[in-house]
Amino acid sequence: MSVDQLTMPLENLAAGAVDWMIGAARSTGGGLTWASTATGDEADHTLYSGGAGIVLALLEAQRHFRDDRYGDAAVRGAAAMAAAVDDEQDCSLYFGLSGTAVTLRAVHNLLGDPAADRAAVRALSRVRSRFDGRRWGDMFELLFGNAGIALGALHAGDLDLAVLAVEPYLDTADRTPGGVNWAVRPSPPRSHHIAHGTLGIVSALAAVGAAAGRDDLIELALAGAADVVSRDEAGPAGFLVPHSDPPHRPDLIERYSYGWCNGPAGDAQVFRLLGALTGDAAWTVLADRCWHTVTHCGLPRRVRPGFWDNNGRCCGTAGVLALACDRHVEQGESLDFAGVLVDDLVTLATVDADGVRWSNHEHRATPSTLEPHVGWAMGNAGIVRELLRFARVAAGADPAYAVAWPDQPTASRRT
């Protein structure tokens with residue numbers, strides 16, 4: 001199927017997916033909440049799987065379709081998150097208050113909601129108050145720890161908090177033969193990629209260092225990136241680094257992945273950032289090598305059990321689509337492979353009277369088809385955001401997201 005053939009039906013599919021997400025919400029005192037799965041009970045306000053990520057997808061739909069229904073739903077979702085700020089204990093970007101602040105600030109900026117803005121201020125204040133001088137919890141990386149909190153604070157306009165979050169990396173870095181890395185969890189393995197490892201910390205150090213004019217933070221980011229580059233096992237044409245060393249939970253976690261969270265699709269996003277900040281073309285070459293590996297590994301086909309079981313943004317097809325569109329905007333990369341990804345998402349969508357949704361696959365479970373998710377990481381919110389952007393990119397329209405994502409560098413058109 002060609003890019004032109006995909007575009008119009010794709011927008012209809014995305015609209016159906018947004019409607020399914022809204023239909024899955026529960027109304028609570030004027031607000032909207034979501035559970036992390038279609039059959040769950042407990043309200044999930046997180047960026048990863050709950051309301052914060054869904055509201056950002058609603059903002060994307062409101063901007064794309066110019067439909068105030070989606071904006072109204074976003075405001076109601078923000079109201080529920082605002083009401084929960086004072087009870088939330090987690091401070092992280094993807095599972096706590098930093099992600100909440102990002103979304104609440106976005107609702108205010110795009111829809112003029114002062115209550116959301118006030119709640120964002122409260123959320124960031126609570127994050128700051130829980131800092132122990134070095135960290136917020138056992139995890140010390142992007143999804144749960146300092147790096148994500150720094151990126152969330154930076155994205156929400158609190159540079160001082162962002163600097164506070166990354167400075168502990170200066171005196172906790174361990175020298176390696178290739179550069180530096182960090183102990184990101186209480187157990188021994190050192191992880192290397194963006195979600196839980198070195199490159200997630202690199203992303204925060206580089207972005208905050210650039211915003212704050214701190215060369216020491218940028219230099220440390222480059223040393224961290226050098227460690228990961230030294231671990232490449234696919235050169236010279238490709239780029240592929242193991243998940244962790246020594247292997248973390250090898251009974252459950254594959255040694256090599258290819259998506260955003262622990263593979264070259266995410267590695268390339270960090271290399272894009274470093275290239276933009278330093279002007280060094282070597283980072284663009286590394287991003288190109290990541291793309292070579294991604295496009296030659298077999299995805300989105302499930303070439304073996306467990307190889308490619310996720311449609312979502314975190315570790316699935318939608319995350320690779322985000323990179324494909326970034327490359328098209330910045331480098332004029334053909335949309336052919338992006339079209340393959342989109343065609344796969346179209347084929348795997350469930351479409352019925354309830355709307356549109358995606359289910360992931362777990363070959364070790366029976367039944368293997370999992371419940372559909374509403375959220376960003378594994379479900380509709382993350383997929384919708386990328387499908388709508390692809391539709392604009394393919395039509396030659398504005399490629400910008402309604403709201404930039406904290407750990408995805410903004411793509412700028414070539415001049």
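**Figure 1. Helix α8 is mostly covered in this predicted model.** Twelve of the 15 residues of α8 are buried. The buried set runs through Thr198, Leu199, Gly200, Ile201, Val202 and Ser203, and includes Ala204, Leu205, Ala206, Ala207, Val208 and Gly209 as well. Among the elements that cover these residues are the helices α6, α7 (159-166), α9 (215-229) and α10 (264-278). Strands β4 (180-181) and β5 (190-191) also take part in the cover. The helix spans residues 198-212, and its end C-alpha atoms are 21 Å apart. That agrees with the expected 21 Å, because each residue should add 1.5 Å. Just after α8, Gly213 takes a positive phi of about 65°.

**Figure 2. Leu143 sits in the loop between α5 (114-129) and α6 (146-155).** Leu143 has 4% relative accessibility, so it counts as buried. Beyond the residues up to four places away in sequence, Leu143 touches Tyr48, Ser92, Leu93, Tyr94 and Phe95. Ala195, His196 and Trp260 are also among its contacts. Tyr94 is 49 residues from Leu143 along the chain, yet their C-alpha atoms are separated by 5.4 Å.

**Figure 3. His45 lies in the loop between β2 (31-33) and α2 (51-65).** Its relative accessibility is 19%. His45 therefore counts as buried, the cut-off being under 20%. With neighbours within four places in sequence left aside, its contacts include Thr33, Gly50, Gly51 and Ala52. Ala80, Met81, Ala84 and Thr100 are in contact with His45 too. His45 also helps to line the largest cavity.

**Figure 4. The model holds one cavity of 30 Å³ or more.** About 70 Å³ of space lies in this largest cavity. Its lining is made by His45, Thr46, Met81, Ala84, Val85, Glu88, Gly96, Leu97 and Thr100. Helices α3 (68-84) and α4 (97-111) are the elements that give two or more residues to this lining. By class, four lining residues are nonpolar, four are polar and one is charged.

**Figure 5. Domain 1 and domain 2 meet across many residue contacts.** Domain 1 covers 32-130 + 298-414, and domain 2 covers 140-288. Their centres, taken over C-alpha atoms, are separated by 22 Å. In the contact zone, 40 residues of domain 1 touch 30 residues of domain 2.

**Figure 6. The largest pocket has a volume of about 1,100 Å³.** The lining counts 37 residues, and Leu252, Cys261, Cys315, Arg364 and Met378 are the closest to the pocket centre. By class, the lining has 17 nonpolar, twelve polar and eight charged residues. Both domain 1 and domain 2 give residues to this lining, so the largest pocket lies between them.

**Figure 7. The second largest pocket holds about 270 Å³ of space.** Of its 14 lining residues, Arg272, Leu273, Gly275, Ala276 and Glu330 are the closest to the centre. Helices α10, α11 (281-296) and α12 (317-331) each supply at least two lining residues. The most come from α10, which gives six. The lining has seven nonpolar, five polar and two charged residues. Domain 1 and domain 2 each contribute at least three residues to the lining of the second largest pocket.

Key
Residues numbered from 1 in each chain as written. Predicted model: local features only at pLDDT ≥ 70, side-chain atom pairs only at ≥ 80, totals over all residues. Heavy atoms only, no water. Helix = DSSP H or I, 4+ residues; strand = E, 2+ residues; numbered from the N terminus. Buried < 20%, exposed > 50% of the residue type's maximum accessible area, 1.4 Å probe, protein only. Contact = heavy atoms within 4.5 Å. 1 Å grid on protein atoms, 1.4 Å probe; cavity = no way out; pocket = protein on both sides within 12 Å on 5 of 7 lines; lining within 4 Å. Points joined across faces, edges and corners; volume = space filled by probe spheres on them. Nonpolar A, V, L, I, M, F, W, Y, C, P; charged D, E, K, R; others polar. Expected span 1.5 Å × (residues − 1). Domains from an automatic or database assignment.
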